[in-house]
Amino acid sequence: MMCLSTTLPSILFIHSSLQLVTDLQTCVKAQYSEAYAEKVELSNLQKAARTICYIQEQGIGSREELREKKKMSEDKMAAAESDLKKTEDRIRTVNEQIHYAGQYLSTRSVHKGYQKALVKPLYRHQHEKDLDRYEEAVEYFRKKGMKIPAMKDLKQQKEDLLAKKSAQENSLRAAARFRNDMRTASINVNWIFSEDSVRRQNLQRQKQISRSRSIER
């Protein structure tokens, strides 16, 4: 396992967003323009330098550690997404309860009137819509196995959940940035090592050519 800390130079790091290096082999424009290819190569070196600084800042000393940190960042992102989804589901449930609690409160007096009515069929006929809404609300909470909650308690729950959601959204954005940086760093480090391998191969070929020429002389 190749150690990054002993292979890559230490550089002062000013944090900025990591960017992926460009593969010259698949860059069509670079195939037709040597000047553009040189510009891309320079840009790649700058991106590689920022990547080296970033992984050193993260305390990553090997490619294996980089792979582990990348996996950790993906797990953290998935956990943040899951936590946010649970909170959003809970908010939807509380909103639903607020709806039916409000429906219950707005029709409760009509139901009381029905209970006291001397001619119940006539009263129901006159107030059928409101009575149906009252019964629908009561049935909703009955199926949930819960007493009809106080509206102020439901609104406080919603307020707390919205604050929790806001904090979780911030955590999710941070987790997404970290995961994206880890993915970019992983790709760029693979490029750095592959480029280093190519340079070593080219140097080895040059040495072989030089030896062959010396023998011929």
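**Exercise 1. Place Arg63 in the fold and find what its side chain joins.**

Arg63 is found in helix H4; helices (H or I, at least four residues) and strands (E, at least two) are DSSP runs, numbered from the N terminus. The structure is a predicted model, in which local features need pLDDT of at least 70, side-chain atom pairs count only at pLDDT 80 or more, and totals for chains, interfaces and linings use all residues. Residues are numbered from 1 along each chain as its sequence is written, and side-chain values use heavy atoms, with hydrogens and water left out.

Step 1. Arg63 has a relative accessible area of 24%, so Arg63 is partly exposed. On this scale buried means under 20% relative accessible area, exposed over 50%, and partly exposed in between (1.4 Å probe, protein chains only).

Step 2. The C-alpha atoms of Arg63 and Ser186 are separated by 8.2 Å, although the two residues are 123 residues apart along the chain.

Step 3. The side chain of Arg63 is joined to that of Asn190 by a polar contact of 2.7 Å. A polar contact is a pair of N or O atoms within 3.5 Å; within protein, one must be able to donate a hydrogen and the other to accept it, and residues adjacent in sequence count only if both atoms are side-chain atoms.

**Exercise 2. Describe the overall make-up of the protein.**

Step 1. The protein has seven helices and zero strands, and from the N terminus on its elements run α-α-α-α-α-α-α.

Step 2. Of its 217 residues, 30% count as buried.

Step 3. A contact means heavy atoms within 4.5 Å. Among contacts between residues at least 6 apart in sequence, 78% join residues at least 24 apart.

Step 4. The protein exposes about 14900 Å², and carbon and sulfur atoms supply 51% of that area. Accessible areas come from the Shrake-Rupley method with a 1.4 Å probe; for residues, only the protein chains shown count as cover.

**Exercise 3. Work through the salt bridges of Arg67, Lys70 and Glu135.**

Step 1. The criterion is a side-chain nitrogen of Lys or Arg within 4 Å of a carboxyl oxygen of Asp or Glu. By this rule the count is 10 salt bridges.

Step 2. Arg67 and Glu64 form a salt bridge at 3.0 Å, N to O. Both residues lie in helix H4, three residues apart, about one turn of the helix. Arg67 is partly exposed at a relative accessible area of 46%, and Glu64 is partly exposed at 30%.

Step 3. The side chains of Lys70 and Glu74 meet in a salt bridge at 3.2 Å, N to O. Lys70 and Glu74 are four residues apart in helix H4, so about one helical turn separates them. Lys70 is partly exposed, with a relative accessible area of 23%; for Glu74, also partly exposed, the value is 23%.

Step 4. Glu135 forms a salt bridge with Arg124, with the closest N and O atoms 2.5 Å apart. Because Glu135 lies in helix H6 and Arg124 in helix H5, the pair ties together parts that are 11 residues apart in sequence. Glu135 is partly exposed at 36% relative accessible area, and Arg124 counts as partly exposed at 22%.

Step 5. Salt bridges that share partners join Lys70, Glu74 and Arg183 into one network.

**Exercise 4. Check the length of helix H6 and say where its buried residues pack.**

Step 1. Helix H6 covers residues 128-144, which is 17 residues. The expected span of a helix is 1.5 Å times one less than its number of residues. For H6 this should give 24 Å, and the end C-alpha atoms are 24 Å apart, so the two values agree.

Step 2. The buried residues of H6 are Leu131, Tyr134, Ala137, Tyr140 and Phe141. These buried residues pack against H4 and H5.

Step 3. Just after H6, Gly145 takes a positive phi of about 70°.

**Exercise 5. Is Gln168 buried or exposed, and which residues does it touch?**

Step 1. Gln168 is found in helix H7 (residues 151-216). With a relative accessible area of 14%, Gln168 is buried.

Step 2. Not counting residues up to four places away in sequence, Gln168 touches Asp83, Leu84 and Thr87. With Thr87 there is a side-chain polar contact of 2.6 Å.
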